[in-house]
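I opened this notebook to keep track of what I looked up in one structure. The entries are short and follow the order of my reading.

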Amino acid sequence: MAIPPELGEPLSSKASDPSARVSLRSLRGSTEVARKRHDVLCLSHLRWDFVYQRPQHLLTRFAQESRVFFVEEPIFDAENAYLDVTPRDMNVLVVVPHLPPSAQSDGTVDAMLKVMLDLLMSEHNIHSPILWFYTPMALAWTRHLHPTLVIYDCMDELSAFKGAPTMMRERESDLMKWADLVFTGGVSLYEAKQHQHPHIYAFPSSIDAVHFAQARKQSADREDQAGIPHPRLGFFGVVDERMDLELLDQVAAARPDWHLVVIGPVVKVDPDLLPKRENIHYLGKKSYKDLPAYLAGWDVAIMPFARNESTKFISPTKTPEYLAAGRPVVSTSIRDVVRSYGEAGLVHIADSAPEFIEAVESALQEDSQLRLRTVDAVLGQDSWDRTWRRMQDLMDDKMQRRHSRTTAA
């Protein structure tokens with residue numbers, strides 16, 4: 001829902017000012033839950049409704065005590081710029097800037113986003129928020145704010161991703177100087193950045209074990225998967241430059257009796273370049289709540305990641321999710337996967353097609369009860385709730401120390 005654009009409040013009467021062409025479309029009165037903590041203003045390169053992953057897990061937990069404004073990157077599809085503000089989960093508002101395509105060519109993007117952010121804060125009475133960054137590119141239109149705390153939750157080495165802005169490394173360096181705390185999405189990423197900030201902490205991907213453990217008990221298969229023969233090798237996640245499509249194709253070609261199920265959106269990869277075989281099945285994007293039902297129908301869960309710059313520091317969230325679902329797992333040699341799960345014998349590691357095939361054959365012969373006991377012992381201490389509490393403790397400590405210094409002065 002949205003307030004009609006004619007009701008949007010103009011920000012300026014100066015027609016020459018590019019920021020004058022901004023209005024607000026919002027659903028008001030949608031964050032009425034009692035607030036115990038500062039509002040959280042999250043700046044993200046990911047879209048809330050894309051794939052349910054780390055940002056959603058953490059921010060829905062913050063939303064239990066705070067209002068959370070999830071600000072996405074702009075969409076260039078509007079004749080006149082406007083903000084679309086709509087509710088999602090409890091106490092979470094998703095904020096989408098819509099800009100005219102001309103803003104990209106006339107260099108007014110950052111100026112318009114700055115004005116939009118100010119309008120958002122005025123409209124929703126946001127004061128001294130916690131700024132939570134997933135993208136350093138948002139630094140250009142947030143530096144004028146006066147936040148209570150600045151957090152950089154560095155999920156990935158974004159500068160290594162296909163199509164990354166040329167300014168990414170410079171912006172990240174500036175964000176590191178401004179941030180009070182830096183969290184990393186994996187141990188390898190922490191090791192690469194630990195000398196760039198005095199207060200940096202590794203928070204590898206965690207697990208909603210109860211949710212994915214549903215796969216151990218489900219028997220009814222999803223309709224679009226039910227007709228696919230076994231053995232099934234399954235993958236869910238974003239299909240992009242991080243996936244080794246050649247490996248996928250080679251495994252499917254060598255073992256036509258195996259069926260490979262791929263779930264997830266295709267991004268930054270031409271769909272026409274995806275390997276096409278009778279035993280490769282692309283089922284598209286599925287909701288987070290439905291993933292356990294699909295996992296329940298797989299014989300082996302796979303992570304055929306390419307080994308390149310974009311995967312050098314990744315710590316795939318799907319690794320503990322696959323394991324919690326009770327599936328044997330085969331992965332290429334992603335460093336964090338090898339160290340956290342491969343060396344413990346929880347994940348089979350293989351890179352070439354012959355090695356991957358051999359690893360899958362071994363996985364199919366595993367003692368499932370023994371594997372589940374080991375998995376439960378390892379994952380029993382891990383949860384998104386625990387990760388969120390540890391982050392919150394660090395933030396509370398930082399704010400308390402700052403308050404004590406201010407009081408003493």
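The entries below go from one helix to the cores, the salt bridges and a few single residues.

**Entry 1: the model.** I noted at the start that this is a predicted model.

**Entry 2: helix H12.** I looked up H12, which covers residues 353-364 and has twelve residues. From its first C-alpha to its last I read 16 Å, close to the 16 Å expected at 1.5 Å a residue.

Which residues of H12 are buried? I listed Ala353, Phe356, Ile357, Ala359, Val360 and Ala363. Seen down the axis of H12, these buried residues fall within an arc of 160°, so they line one face of the helix. I added a reminder that an α-helix has 3.6 residues a turn, so residues three or four places apart point the same way.

On the face of H12 turned away from the buried side I found the exposed residues Pro354 and Glu358. I then checked what the buried residues of H12 pack against. The partners are four strands, S11 (232-236), S14 (300-303), S15 (329-331) and S16 (347-349), and one helix, H8 (245-254).

I also looked at Glu355, which lies in H12. Glu355 counts as partly exposed, at 41% relative accessibility. Its C-alpha atom is separated by 9.6 Å from that of Thr332, with the two positions 23 residues apart along the chain counted as their distance in sequence.

**Entry 3: the nonpolar cores.** I went on to the largest nonpolar core, which has 54 residues. Which of its residues touch the most other members? They are Phe212, Trp298 and Tyr322. H12 gives the most to this core, with six residues.

I followed Phe212 further and left aside its neighbours within four places in sequence. Its contacts include Ile207, Phe236, Tyr288, Leu291, Pro292 and Leu295. Glu321, Ala324 and Ala325 are also in contact with Phe212. A second, separate core has 36 residues, among them Val71, Ala81, Val109 and Met116.

**Entry 4: salt bridges.** How many salt bridges are there? I have a count of 27.

I looked up the one between Arg171 and Asp110, where the closest N and O atoms are 3.9 Å apart. This pair links distant parts of the chain, since Arg171 is in helix H4 and Asp110 in helix H3 (residues 109-123), 61 residues apart. Is each partner buried or partly exposed? Arg171 is buried at 15% relative accessibility, while Asp110 is partly exposed at 32%.

Next I took Asp290, which forms a salt bridge with Arg222 at 2.8 Å between the closest N and O atoms. Asp290 lies in the loop between strand S13 (280-284) and helix H9 (291-295), and Arg222 in the loop between helix H6 (209-213) and helix H7 (223-226), so the pair ties together parts that are 68 residues apart in sequence. Asp290 is buried, with a relative accessible area of 18%, and Arg222 is partly exposed at 30%. Asp290 also meets Lys289 in a salt bridge of 3.3 Å, N to O. Lys289 is exposed, with a relative accessible area of 61%.

I closed this entry with a network of salt bridges that links Glu191, Arg335, Asp336 and Arg339.

**Entry 5: Asp180.** Where is Asp180? I found it in the loop between H4 and strand S9 (181-184). Asp180 counts as buried, at 12% relative accessibility. The side chains of Asp180 and Arg402 are joined by a polar contact of 2.3 Å. A polar atom of the Asp180 side chain lies 2.8 Å from the backbone nitrogen of Val150. Leaving aside neighbours within four places in sequence, I also noted contacts of Asp180 that include Leu149, His197, His199 and Lys398. The C-alpha atoms of Asp180 and Ala353 are separated by 45 Å, and the two are 173 residues apart along the chain.

**Entry 6: Glu157.** My last look was at Glu157, in the loop between strand S8 (149-154) and helix H4 (168-178). Glu157 is buried, with a relative accessible area of 11%. Its side chain makes a polar contact of 2.8 Å with the side chain of Ser159. Not counting residues up to four places away in sequence, Glu157 touches Glu172, Leu189, Lys193 and Phe313.

Note on methods. Residues are numbered from 1 along each chain as its sequence is written. This is a predicted model: local features need pLDDT of at least 70, side-chain atom pairs count only at pLDDT 80 or more; totals for chains, interfaces and linings use all residues. Side-chain values use heavy atoms; hydrogens and water are left out. Helices (H or I, at least four residues) and strands (E, at least two) are DSSP runs, numbered from the N terminus. Buried means under 20% relative accessible area, exposed over 50%, partly exposed in between (1.4 Å probe, protein chains only). A polar contact is a pair of N or O atoms within 3.5 Å; within protein, one must be able to donate a hydrogen and the other to accept it, and residues adjacent in sequence count only if both atoms are side-chain atoms. Contact means heavy atoms within 4.5 Å. The expected span of a helix is 1.5 Å times one less than its number of residues. The arc is that of the directions from the helix axis to the C-beta atoms. A nonpolar core is a set of buried Ala, Val, Leu, Ile, Met, Phe, Trp, Tyr and Cys residues joined through side-chain atoms within 4.5 Å. A salt bridge is a side-chain nitrogen of Lys or Arg within 4 Å of a carboxyl oxygen of Asp or Glu.
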